[in-house]
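Please look at the sequence and the fold together before reading on. The report below goes from one helix to the core and then to a pocket.

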Amino acid sequence: MPLATADPQVTAPHTTAAMRSPGEVDNRAAYIGFGLAYVFGHGSAALSKGTSPLLDLPSWLPMTLLGAGLAAGTVQATRAALRAQRGAAGPDLLSGKLLGASWLIGFAALFLAITGLSSAVEMPDLQSMLWPTGSGLIVGLLYVSEGAARRNVLHYGLGVWLALTSTAALFLGTPGLYWVLAIAGGGAYAVATVLERRRLGVR
């Protein structure tokens with residue numbers, strides 16, 4: 001009588017690495033860094049600027065908080081992109097390098113545009129409005145490009161939201177634009193962090 005044999009059941013390990021394709025980018029750490037920059041940097045500016053500020057904060061504090069958060073987010077985004085490139089093929093590797101260079105190009109162009117415009121119209125206060133909103137526009141458009149290149153709909157959608165809300169905030173002036181950036185921008189990063197976890201299938 002032949003012995004019944006059972007086919008071995010091979011189950012894939014429940015690891016994050018097994019669920020990600022080569023070149024996949026985990027944006028959670030970068031989202032958290034940028035989100036904190038928006039909430040604390042723009043939030044403190046919203047509270048301390050305008051004709052009747054709610055708090056009397058040093059003028060350097062909002063920019064310091066914003067810069068620290070943006071620096072942390074940029075470092076985390078760069079590290080995540082470098083990790084993803086280790087398993088990427090030739091074309092994907094080139095695409096990643098070009099997208100990375102786009103950050104430098106975008107912010108260099110923004111610096112030239114804001115500096116030149118401020119000098120031409122002789123309105124020094126214009127920079128305090130254009131830098132936070134212009135940065136949101138550049139970051140948003142870069143996210144749109146990265147999302148399209150990596151077929152990441154969440155990243156793409158976050159970029160669309162940041163680009164539109166940042167530029168629309170200009171209609172509110174100071175300190176209204178800071179409230180929009182802190183709430184709409186910081187909130188979007190918080191939502192994106194949660195959805196990124198689901199997208200990657202992290203358990």
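Which glycine follows helix 2, and what is the sign of its phi? Helix 2 is followed by glycine 50, whose phi is positive, near 105 degrees; helices here are DSSP runs of H or I with at least four residues, numbered from the N terminus. This is a predicted model, in which local features need pLDDT of at least 70 and side-chain atom pairs count only at pLDDT 80 or more, while totals for chains, interfaces and linings use all residues. Residues are numbered from 1 along each chain as its sequence is written, and side-chain values use heavy atoms, with hydrogens and water left out.

Helix 2 covers residues 28–48, and because 21 residues at 1.5 Å a residue should span 30 Å, the 30 Å between its end C-alpha atoms agrees; the expected span is 1.5 Å times one less than the number of residues.

The largest nonpolar core has 25 residues, and Tyr31, Val139, Tyr143, Leu158, Leu162 and Tyr189 have the most contacts inside it. Such a core joins buried Ala, Val, Leu, Ile, Met, Phe, Trp, Tyr and Cys residues through side-chain atoms within 4.5 Å, where buried means under 20% relative accessible area with a 1.4 Å probe, protein chains only. The helices tabulated here are among those that each supply at least two residues of this core.

| Helix | Residues |
|---|---|
| Helix 4 | 90–121 |
| Helix 5 | 126–150 |
| Helix 6 | 153–168 |
| Helix 7 | 173–200 |

The largest pocket is lined by 42 residues, of which Phe34, Thr74, Trp103, Phe107 and Val139 lie nearest its centre. A pocket is an open set of points on a 1 Å grid over the protein atoms alone, where a 1.4 Å probe fits, with protein on both sides within 12 Å along at least five of seven lines, and lining residues have an atom within 4 Å of a point. Helix 3 gives the largest share of this lining, 12 residues.

How values were computed:
Buried means under 20% relative accessible area, exposed over 50%, partly exposed in between (1.4 Å probe, protein chains only).
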